[in-house]
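Take a look at the protein below and turn it around for a moment. We will start from its inside and then work outwards.

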Amino acid sequence: RMSEHAILRGYELKSISRPFENVDFINFDLIITMDEDNFQQIKWRDQSKKYAEKIRRMVDFCITYKIQEIPDPYYGGDQGFEKVLDLLEDSCQGLFKYIIDQK
């Protein structure tokens with residue numbers, strides 16, 4: 001259902017998720033989680049806290065919204081998917097600004 005709602009906004013979702021691997025700490029500059037459970041699990045995998053600065057919540061980049069996590073829309077109606085897209089659009093703008101400011 002998320003793909004259907006995304007298409008209405010002009011997005012084509014082609015990617016698929018995969019489990020986090022410890023090598024991702026090395027291969028990626030940022031490790032961004034959608035919800036608190038994933039955030040805590042990945043933090044736990046970094047026992048040495050060597051990669052703590054890389055581990056971020058997507059909502060850390062929100063500009064307009066002040067929320068704790070991106071909610072799971074799958075158990076609600078269409079409005080839940082629209083809300084998640086609103087949140088992701090907002091946080092992607094903040095993420096883009098963050099990346100530009102890092103250069």
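The largest nonpolar core of this predicted model has 13 residues, and Met 2, Met 58, Ile 70, Val 84 and Leu 88 touch the most other members. Helix H1 (2-8) and helix H4 (78-102) each supply at least two residues of this core. The largest share, six residues, comes from H4. Leu 88 shows how the core is joined up: leaving aside neighbours within four places in sequence, Leu 88 is in contact with Met 34, Met 58 and Ile 70. There is also a second, separate core of seven residues, and Phe 20, Ile 31, Phe 39 and Tyr 51 are among them.

Now follow helix H4 itself. How does the span of H4 compare with what 1.5 Å a residue would give? The 25 residues of H4 should span 36 Å, and the end C-alpha atoms of the helix are 36 Å apart, so the two agree. The buried residues of H4 are Phe 81, Val 84, Leu 85, Leu 87, Leu 88, Asp 90, Ser 91, Gly 94 and Leu 95. It helps to keep a general point in mind here: an α-helix has 3.6 residues a turn, so residues three or four places apart point the same way. As for partners, the buried residues of H4 pack against H1 and strand E1 (31-33).

Three buried residues make a nice set to look up in the viewer. Each row gives a residue, its helix and its relative accessible area.

| Residue | Helix | Relative accessible area |
|---|---|---|
| Ala 6 | H1 | 0% |
| Asp 24 | H2 (residues 24-27) | 5% |
| Asp 90 | H4 | 6% |

Is Ala 6 buried or exposed? With a relative accessible area of 0%, Ala 6 falls under the 20% cut-off, so Ala 6 is buried. Beyond the residues within four places in sequence, Ala 6 is in contact with Tyr 11, Leu 13 and Leu 85. Ala 6 and Glu 82 are 76 residues apart in sequence, yet their C-alpha atoms are 8.4 Å apart in space.

Which residues does Asp 24 touch? Not counting residues up to four places away in sequence, Asp 24 touches Arg 18, Pro 19 and Ile 31.

Asp 90 has its own list of contacts: setting aside neighbours within four places in sequence, these are Phe 61, Cys 62, Ile 63, Thr 64 and Tyr 65. Asp 90 and Glu 4 are 86 residues apart in sequence and 19 Å apart in space, C-alpha to C-alpha.

Finally, step back to the whole protein. It holds four helices and two strands, and from the N terminus on the elements run α-α-β-α-β-α. Along its principal axes, the C-alpha trace spans about 40 × 30 × 25 Å. How many of the residues count as buried? Of the 103 residues of the protein, 29% do. Among contacts with a separation of 6 or more, residues 24 or more positions apart account for 59%. On the outside, the protein exposes about 7700 Å², with carbon and sulfur atoms supplying 54% of that area. There are 15 positive and 19 negative charges, and the mean positions of the two groups are 6 Å apart.

Notes: Residues are numbered from 1 along each chain as its sequence is written. This is a predicted model: local features need pLDDT of at least 70, side-chain atom pairs count only at pLDDT 80 or more; totals for chains, interfaces and linings use all residues. Side-chain values use heavy atoms; hydrogens and water are left out. Buried means under 20% relative accessible area, exposed over 50%, partly exposed in between (1.4 Å probe, protein chains only). Contact means heavy atoms within 4.5 Å. Accessible areas come from the Shrake-Rupley method with a 1.4 Å probe; for residues, only the protein chains shown count as cover. Lys and Arg count as positive and Asp and Glu as negative; His and the chain ends are not counted. The place of a charge is taken as NZ of Lys, CZ of Arg, CG of Asp or CD of Glu. A nonpolar core is a set of buried Ala, Val, Leu, Ile, Met, Phe, Trp, Tyr and Cys residues joined through side-chain atoms within 4.5 Å. The expected span of a helix is 1.5 Å times one less than its number of residues.
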